[in-house]
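Visitor: I would like to learn how to read the places where a protein holds other molecules. Could you take me through them slowly, with the general idea before each case?

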Amino acid sequence: MPLPAATTLPSDVTQLRVGLGDRSYDIVIGPGLLAQAGARIAALRPGARVGIVTDRNVAERHLGTVEESLRAAGLVPTPVIVEPGEKSKSFAVLEQVLDGLLAARIERRDLVLALGGGVVGDLAGFAAAALRRGVDFVQVPTSLLAQVDSSVGGKTGINSRHGKNLIGAFHQPILVLADTGVLDTLPLREFRSGYAEVAKYGLIDNAPFFTWLERKWQDVFGGGPARIEAIATSCASKAAVVSRDEKETGDRALLNLGHTFGHALEAGAGFSQRLLHGEAVAIGMAQAFRFSAAQGLCAPADAERVAAHLKAVGLPTRIADIPGELPDTDGLMDLIAQDKKVSRGALTFILARGIGQSFIARDVDPAAVRSFLEAERAGGAHP
Ligand SMILES: NC(=O)c1ccc[n+]([C@@H]2O[C@H](COP(=O)([O-])OP(=O)(O)OC[C@H]3O[C@@H](n4cnc5c(N)ncnc54)[C@H](O)[C@@H]3O)[C@@H](O)[C@H]2O)c1
Ligand SMILES: O=C(O)C(=O)C[C@@H](O)[C@H](O)[C@H](O)COP(=O)(O)O
Ligand SMILES: [Zn+2]
């Protein structure tokens, strides 16, 4: 896919643009950006009040720098702090966030700033979409996952007892500031989880990037230029797809590789610390490749190569890697039936003809999915 040209500015900062007409916005990537947040945001909304939605872990480490930077630029910050973790993508916490933003008198010309991982980004973005029928928001992603995926593209929302991300809105940010320095405080398990979404871009349509990751993943984990390159390549891929297909009427669905199985497993594990989103996506991608191989669509060797790389970085690749109980196969099929790609009851999966050759498969036979899941649960007769 053609990628937007990345501009590398003198100070190690890479800038990309998500082209969406008068709702276009910049993604700025590099170290030290938290301290520049005030100046960069004030250039867009001088004097604004800024409701900073963040979680307790991120607040302890990084909120002070952001507040100081906003105040120095003449902005007026008010923090709204939620508990860390997927369970915060709920009606109860959404209500708490909206109350906090209203109490801070965030008005239509003001801003919501999401400071945190994908949970905070999805929650704060949805709150911004609903508050006073829509206020602007800025994404300041602090996890690898949020920097490479969730902060870009405007999907916002919360979970339901019926499944993952089932309530939400498309609401694009006006700016994304990805400070790569803050990843130094991210726990390793969370970094790995985000890495699954990085590998996803290679598996979708960029085989050379996947090969590069196979060689360079240790450098990406270690920090430095390889990490920034991986983040910028991921954002460029996502920006290109979102610019073409903002509301997922076509090929944006490719970004859902691994998510049909993955979301069902996440919901099945109760949106808990037993299974992080990126871990679920890693299992889901390995399954999408194994299912493709079982259907004769892709070479079993490609499915093995995908699983081998994910395992090498320490990610799970099988249902058996998830600790604790899960719903039975019928239960998982019920969760899959709530996937947002389902149309008039027909299942859609992202399958693959090989690494970097993913495609949208509509009307996938539920009986084939069911027997595949049975085999997977029994230990897997597949590669
Ligand atoms: N909207 C989208 O397009 C999109 C894309 C991918 C994923 N998502 C969503 O993103 C969520 C997962 O995001 P996530 O993996 O960032 O999880 P998360 O938001 O729960 O963050 C991971 C953990 O790391 C902590 N943390 C974050 N940044 C930190 C830092 N710099 N230092 C120390 N701790 C830090 C958080 O407090 C949390 O405990 C899921 O809900 C998923 O559905 C959305
Ligand atoms: O941005 C997208 O489009 C994606 O599918 C990115 C996914 O990584 C992300 O997890 C997204 O939230 C899933 O979307 P959903 O529509 O399946 O809930
Ligand atoms: Zn995802």
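Guide: Let us begin with a term: a polar contact is a pair of N or O atoms within 3.5 Å. Please keep in mind throughout that this is a predicted model. With that cut-off in hand, we can look at K89, which has a polar side-chain atom 2.9 Å from an oxygen atom of ligand 1.

Visitor: Which other side chains have an N or O atom at 2.7 Å or 2.9 Å from ligand 1?

Guide: The side chain of D55 places an N or O atom 2.7 Å from an oxygen atom of ligand 1, while the side chain of D122 has one 2.9 Å from a nitrogen atom of ligand 1. Taken alone, ligand 1 exposes 860 Å², and the protein buries 92% of that.

Visitor: How many residues surround ligand 1, and which are the closest?

Guide: A residue is counted as near a molecule if one of its heavy atoms lies within 4 Å of it. In this case 28 residues surround ligand 1, and the closest are D55, E86, T142, S143 and T185. By class, that shell has eleven charged, ten polar and seven nonpolar residues. Helix α2 gives the most to the shell around ligand 1, with four residues.

Visitor: Now for the metal: which residues coordinate the zinc ion (ligand 3)?

Guide: For a metal such as this, donors are N, O and S atoms within 2.8 Å, and because water is not among the atoms, a site may look incomplete. Here the zinc ion (ligand 3) is coordinated by E197 through OE and by H259 and H277 through NE2, at 2.0 to 2.1 Å. Along the sequence, these donor residues follow the spacing E-x61-H-x17-H. The two histidines link distant parts of the chain, with H259 in helix α9 (residues 259–268) and H277 in helix α10 (residues 277–294), 18 residues apart. As for E197, this residue is found in helix α6.

Visitor: What does UniProt list for these residues?

Guide: An unreviewed UniProt entry lists E197, H259 and H277 under "binding site". They span 81 residues in sequence, yet no two of their C-alpha atoms are more than 10.3 Å apart, so they gather at one spot.

Visitor: Are the zinc-coordinating residues H259 and H277 buried or exposed?

Guide: A residue is called buried when its relative accessible area is under 20%. Both H259 and H277 are buried, and E197 also counts as buried because its relative accessibility is 1%. The same reading can be applied to E376, which lies in helix α13 (residues 366–377) and counts as buried at 4% relative accessibility. The side chain of E376 makes a polar contact with the side chain of R290, at 2.8 Å.

Visitor: Which residues come nearest to ligand 2?

Guide: Of the 14 residues around ligand 2, those that come nearest are D149, K155, K238, R252 and K340. We can then look at single atoms, where an oxygen atom of ligand 2 is 2.7 Å from an N or O atom in the side chain of K238. H259, which also coordinates the zinc ion, has a polar side-chain atom 2.9 Å from an oxygen atom of ligand 2. On its own ligand 2 has 430 Å² of accessible area, of which the protein covers 92%. The elements giving two or more residues to the shell around ligand 2 are α6 and α9, and by class this shell has eight charged, five polar and one nonpolar residues.

Conventions. Residues numbered from 1 in each chain as written. Chains lettered and ligands numbered in written order. Predicted model: local features only at pLDDT ≥ 70, side-chain atom pairs only at ≥ 80, totals over all residues. Heavy atoms only, no water. Donors = N, O, S within 2.8 Å, 3.2 Å for Na, K, Ca; no water. Buried < 20%, exposed > 50% of the residue type's maximum accessible area, 1.4 Å probe, protein only. Polar contact = N/O pair within 3.5 Å; in protein donor to acceptor, adjacent residues only side chain to side chain. Areas by Shrake-Rupley, 256 points an atom, 1.4 Å probe, with all protein chains shown as cover. Nonpolar A, V, L, I, M, F, W, Y, C, P; charged D, E, K, R; others polar. UniProt positions renumbered as here; feature names shortened; annotations may be inferred.
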